[in-house]
Amino acid sequence: MRAAVILFPGVNREGDAARALRRATGEKPAIVWHAERELPGGLDLVVLPGGFSYGDYLRCGAIAARSPIMAAVGGHAARGGLVMGICNGFQILCEAGLLPGVLMRNAELRFVCKMQHLRVENAQTPFTRGYAPGEVVKFAVAHGEGNFVADEETIRRIEAEGRVAFRYCDAQGLAGPGSNPNGSMNSIAGVFNDRFNVLGLMPHPENLIDPLVGGVDGQALFASLAA
Amino acid sequence: MKARVIVTLKRSVLDPQGKAIEGALKALAVEGVKSVRQGKIFDVEFDGDDEAAARLKLSEACERLLANTIVENYAIEIG
């Protein structure tokens, strides 16, 4: 598994993403600056990490989505390569048109920073095959704009095609307004593209890989990718 | 030449910021406020005075960057 982490100005979780990848794959991922026009050769996976690219100016992820490296990331995805965007990376993938929908301001207008239960909705993808279908996991969330919105037809299609990766839920696995931290439609926390090689998610699996910091529920995601 | 681009959320999209501002205006007893929607304004200066060309360039700017047309509409004013 050869991986690269894209570094945009204002991003701050690239070290966490790189650490999780290194632990799972045994290899240090390449760190690629946003102004590059090409990705290193022979890559399997590109990760867009969390943070606040360009200070969230204009719209979260909007400016990063138009940076030079994103054409290469789009090309990698078009060739079937794996792409994962976490938090701000998810916002960037939506702004780049590689994933459907938009991440809007949290419904209650508050930055949400806490541990959050999620239900694994599709465990048959390269990202999620290390989980059991319907498994309830606990990841950290830390965002102000994670409210997933798309038009009705898009939501219907995403649901029908099994493209919801993770859904916000309570400890028992029940999704609903009480366990939805940001107002996302259908409690959607993460989605796949139509070929299941691009994943975007707001929660942070890369921060749940060490018992010392509260859990290891994120490990299976990176192990799935490394397998 | 000066132009103004106005980006607003589509009617079908919830605007929690607008709602919060609306609530604050009501709390201030500003009378007659029915609803508030928040948007963005971009003032853009252009070389030359070809209005049609500027309009075309600004449409491109909106489609490619200034607006996310999944949830936003835009309007262009020149002059």
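**A nine-stranded sheet and its helices in chain A**

Helix α2 (residues 69-78) of chain A lies across five strands of the chain, namely β1, β2, β3, β4 and β11. The helix runs at about 125° to β4(A). The model is a predicted one. Helix α1 (residues 14-25) of chain A also lies across strands: β1 (3-7), β2, β3 (45-48) and β4 (82-86) of chain A. Its direction makes an angle of about 175° with β1(A).

The strands under these helices belong to an open sheet. Nine strands of chain A form this sheet, and the pairing is mixed. Their order is β2-β1-β3-β4-β11-β10-β9-β6-β7. Two strands of chain A, β2 (30-33) and β7 (136-143), are the edges, and each pairs on one side only. From one strand to the next, the twist averages 25°.

Several pairs in the sheet can be followed bridge by bridge. β1(A) and β3(A) run parallel and are joined by three bridges. Here V5(A) stands opposite V47(A) of β3(A). β3(A) also runs parallel to β4(A), with four bridges between them. In β4(A), the residue opposite L48(A) is G85(A). The pairing of β10 (residues 188-192) with β11 (residues 198-201), both of chain A, is antiparallel. Three bridges join these two strands. V191(A) faces a partner in β11(A), with G200(A) standing opposite.

Strand β3(A) deserves a closer look. Its side chains point two ways: L45(A) and V47(A) one way, V46(A) and L48(A) the other. Which of these four residues are buried? All of them are. The strand is also part of a β-α-β unit. That unit consists of β3(A), α2(A) and β4(A), and is right-handed.

Helix α3 (residues 88-95) of chain A is mostly covered. Eight of its eight residues are buried. They are N88(A), G89(A), F90(A), Q91(A), I92(A), L93(A), C94(A) and E95(A). What lies over them? The cover includes β3, β4, β5 (102-104) and β11 of chain A. Just after α3(A) comes G97(A), with a positive phi of about 80°.

Chain A as a whole contains five helices and 11 strands. The chain has a radius of gyration of 16 Å, close to the 17 Å that the globule rule gives for 227 residues, so chain A is as compact as a globular protein of that length. A box of roughly 45 × 35 × 30 Å, taken along the principal axes, is filled by the C-alpha atoms of chain A. Of the 227 residues, 53% count as buried. Contacts far along the chain are frequent: among contacts in chain A with a separation of 6 or more, 75% come from residues 24 or more positions apart.

Chain A also touches chain B. The contact takes 10 residues from chain A and eight residues from chain B. On the side of chain B, the largest share comes from helix α1 (residues 16-27) of chain B, with three residues. By type, the residues on this side of chain B are six nonpolar and two polar. None is charged.

Technical notes. Residues numbered from 1 in each chain as written. Chains lettered and ligands numbered in written order. Predicted model: local features only at pLDDT ≥ 70, side-chain atom pairs only at ≥ 80, totals over all residues. Contact = placed C-beta atoms within 7 Å. Nonpolar A, V, L, I, M, F, W, Y, C, P; charged D, E, K, R; others polar. Pairing = 2+ DSSP bridges. Axes fitted to C-alpha atoms, helices over the stretch in contact; angles between N-to-C directions. Rg over C-alpha atoms; globule rule 2.2 N^0.38 Å. Buried ≥ 20, exposed ≤ 12 C-beta atoms within 10 Å, placed from the backbone. Right-handed = clockwise from strand over helix to strand, strands pointing away.
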